[in-house]
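Here are a few short exercises to work through with the model open on your screen. Try each task before you read its solution.

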Amino acid sequence: MVIMNTGTEKSSQLFSFLAPTKLLGGSNALANLCFELKEKNVSRPLVIMDEYAQRLGYFREVKRAMQEDDIRIIGFCSGVTGVPADCDAAVKKFKQLDCDCILGLGGPEVVNVAKAVKLMIGQNANAFDMFRYAPVVKRVRYGGADVPLFLLPCGIPSGIEATTRVRIVDPETNLFYNFDSRRCCAAAVILDKRLTDIMPAKALGAAGLNALAMGILGFVDNAQNSIAQSYATSAIHAVMNTLVPAMRHNADAEYRMDIYSAIIEAGVAYYNARGSIFRDIVTEVTMRTGADLMLVTEILFPHFYRTRMNEERIFKGVLMPIAGEDVYASTNFNARDKVALEHIAAFWDKVTELAELPTKLSQIGAVQSDFAAIAEAVIARYRGDDADVSNFTYITELLEKAF
């Protein structure tokens, strides 16, 4: 939807916010799956899943949830690892079996593949290779059907589930694909505690800080977009109040669900901002090191927000969801940036210490000699309009600080 924020001619702002994905979460959310399929008038799903979902019995849970309805699983692609070959195999099976919808069951790799498959079918593409020379997805006149996609995250979500984004890495060609298309949107994301398992405190800590980083940037990078900010605010509040208890009681599914929901909500706001220099830096470092994206985010973000606060002082508003109404109201307006920074830093340090998370790029395999190439790649990819930070010196100095 597009909303006009009315006011004086000088202050009027036009902002857009697309959120067509239904979010369902809870202890029995899976029971709604068949209803959601029927709402879209589909009944022949192809399940795309990873080895994790199959080994831990999550596929069995999905089949059990569909037993009482006339919807049956037509086929499945298992062992998905997130590479283009997975996309090609799924598209081929979808067409061979005459399926009419997609269920993505598993971790971030499954989510990306399922969204890419939906995009490929919508573009009448039989091979992912068609994107190699077209990094920007263009609508084609002969576009295929808009296939309903239903995502069932297992384990820790990535944040792109309810967004228009898809991230696919091709290790054979060393190419990274970052699509942004409405044809990637899921009809629904179903987050059920039966599809989660106990997570180590370290994994929960990294996931929670990743959600907090996405929430804060989703808030400040959507300064004129109150809808995106509401998603970000909800995510920030959940992380600040739930993450430490979740780490200490990691067998409690309710705590896990709070953090997982916060990741998905934060991602909606984070990816609503078209250009993000931080997002591009994290992506490039992840590709170079092979490290987990959440760990890269957790290491880089403290250094990034300090430079943004020092140079632009843009964190006043984010103090409210971080510290609460009382602290916000009792803090002098000119000091809110500083107080927000202090709250973020204190919380960040507490979580990294409790979870024994890495705090330097050198701890995850980064090499200083790669920093120049990383900066050049980020500048070439960046699509934002923030010239102050999209330069070689800023990026290399940020990486040095985090090294």
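**Exercise 1: Val-282 and its surroundings**

Val-282 sits in helix α9, residues 277-289 (helices are DSSP runs of H or I, at least four residues, numbered from the N terminus). This is a predicted model, where local features need pLDDT of at least 70, side-chain atom pairs count only at pLDDT 80 or more, and totals for chains, interfaces and linings use all residues. Residues are numbered from 1 along each chain as its sequence is written, and side-chain values use heavy atoms, with hydrogens and water left out.

Task: work out whether Val-282 is buried or exposed, and what it touches.

Solution. Start with accessibility: Val-282 has 2% relative accessibility, so it counts as buried (under 20% relative accessible area; exposed is over 50%, partly exposed in between; 1.4 Å probe, protein chains only). Next, contacts (heavy atoms within 4.5 Å): leaving out residues up to four places away in sequence, Val-282 touches Leu-293, Val-296, Thr-297 and Leu-300. Finally, take Leu-293: its C-alpha is 7.0 Å from that of Val-282, though eleven residues separate them in sequence.

**Exercise 2: a ring pair**

Task: classify the aromatic pair of Tyr-305 and Phe-315, and say which parts it ties together.

Solution. First, the search: the whole structure has twelve aromatic pairs (Phe, Tyr or Trp rings, six-membered for Trp, with centres within 6.5 Å; planes under 30 degrees apart are stacked, over 60 edge-to-face, the rest tilted). Then the geometry: Tyr-305 and Phe-315 are 6.4 Å centre to centre with 70 degrees between the planes, making the pair edge-to-face. Now the location: Tyr-305 is in helix α10 (residues 293-312) and Phe-315 in the loop between α10 and α11 (319-323), so the pair ties together parts ten residues apart in sequence. Both residues, Tyr-305 and Phe-315, are buried.

How values were computed:
Helices (H or I, at least four residues) and strands (E, at least two) are DSSP runs, numbered from the N terminus.
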